[in-house]
Amino acid sequence: MATMARWTRTRVPALRERHPGVPDRVWRSLEAVDGREFATAVAVMGLVVAAASADGYRTGGRSAFYQASLNGFGLHGLVHVAQAAATRGYTPGVVTSPLLVVPFTLWARGRLRRAGVLRPTRARDIVTGLALAGAATVVSHAVARRIHRATAAS
């Protein structure tokens with residue numbers, strides 16, 4: 001959250017020039033997110049993670065929603081690292097992903113494995129985890145945008 005506004009302001013123009021095939025609406029939507037909206041989206045995502053965590057706790061880690069969310073959480077961390085590699089520089093999330101996101105996911109999956117409740121990972125589980133993370137991101141930003149539009153209108 002701390003770096004998103006500055007990163008968008010300083011890096012998006014260079015990325016837009018380097019990647020002319022990316023539709024202009026993608027760049028405009030990225031530039032349109034201000035710091036407050038982004039922080040709200042992160043808070044909404046926190047609620048999704050809390051719901052998945054509560055379900056995992058309730059089921060002793062057996063919950064399909066919890067395990068898919070855990071997979072999505074770890075995979076989203078790898079996406080942040082891939083984004084940094086693709087843009088050949090810093091991107092928001094690239095520092096916390098290898099330091100927190102990926103290690104936590106590996107640790108939690110290890111705990112589930114030792115408890116005998118980790119489902120075997122199949123290719124469709126990877127797709128499901130990424131889809132869940134992507135959908136949660138889209139919903140989080142849509143909710144944040146709606147909250148801030150409603151606040152601005154009143």
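In this predicted model, the buried residues of helix H5 are Ser 97, Val 101, Thr 105, Ala 108, Arg 109, Gly 110 and Leu 112. Helix H4, residues 64-87, is included in what covers them. An α-helix has 3.6 residues a turn, so residues three or four places apart point the same way. You may like to keep that in mind while looking along H5 on screen.

H5 itself runs over residues 96-114, which makes 19 residues. From its first C-alpha to its last, H5 reaches 26 Å, close to the 27 Å expected at 1.5 Å a residue. After the helix comes Gly 116, whose phi is positive, near 80 degrees.

On the other side, Val 95 sits in the loop between H4 and H5. Is Val 95 buried or partly exposed? With a relative accessible area of 45%, Val 95 is partly exposed. Its C-alpha lies 30 Å in space from that of Gly 60, and the two residues are 35 apart in sequence.

**The chain as a whole**

Stepping back, the protein chain has 6 helices and 0 strands, so to speak a plain α-α-α-α-α-α order from the N terminus on. Its C-alpha atoms fill a box of roughly 50 × 40 × 25 Å along the principal axes. Of the 154 residues, 32% are buried. If we take contacts between residues at least 6 apart in sequence, 66% of them join residues at least 24 apart. The surface the chain exposes comes to about 9,700 Å², and carbon and sulfur atoms supply 66% of that area.

**Charges and salt bridges**

The chain carries 21 positive and 7 negative charges, and the mean positions of the two sets are 9 Å apart. Side chains of opposite charge can pair when their charged atoms come close. With a cut-off of 4 Å between a side-chain nitrogen of Lys or Arg and a carboxyl oxygen of Asp or Glu, the count comes to 6 salt bridges. Three of them are set out here.

| Positive partner | Negative partner | N to O distance |
|---|---|---|
| Arg 16 | Asp 24 | 3.5 Å |
| Arg 28 | Asp 24 | 2.4 Å |
| Arg 145 | Glu 37 | 3.5 Å |

Asp 24 appears with Arg 16 and again with Arg 28. How far apart are Asp 24 and Arg 28 along helix H2? They are 4 residues apart in this helix, residues 24-32, and are therefore separated by about one helical turn. Asp 24 is partly exposed at 37% relative accessibility, Arg 16 is partly exposed at 28%, and Arg 28 is partly exposed with a relative accessible area of 48%.

The pair of Arg 145 and Glu 37 also meets through its side chains, at 3.5 Å from N to O. Arg 145 belongs to helix H6 (residues 123-153) and Glu 37 to helix H3 (residues 35-58), so this salt bridge ties together parts that are 108 residues apart in sequence. Which partner is buried and which is partly exposed? Glu 37 counts as buried because its relative accessibility is 8%, while Arg 145, at 30%, counts as partly exposed.

Finally, salt bridges that share partners link Arg 16, Asp 24, Arg 28 and Glu 31 into one network.

Definitions and conventions: Residues numbered from 1 in each chain as written. Predicted model: local features only at pLDDT ≥ 70, side-chain atom pairs only at ≥ 80, totals over all residues. Heavy atoms only, no water. Helix = DSSP H or I, 4+ residues; strand = E, 2+ residues; numbered from the N terminus. Expected span 1.5 Å × (residues − 1). Buried < 20%, exposed > 50% of the residue type's maximum accessible area, 1.4 Å probe, protein only. Contact = heavy atoms within 4.5 Å. Areas by Shrake-Rupley, 256 points an atom, 1.4 Å probe, with all protein chains shown as cover. Lys, Arg positive; Asp, Glu negative; His and termini not counted. Charge placed at Lys NZ, Arg CZ, Asp CG, Glu CD.
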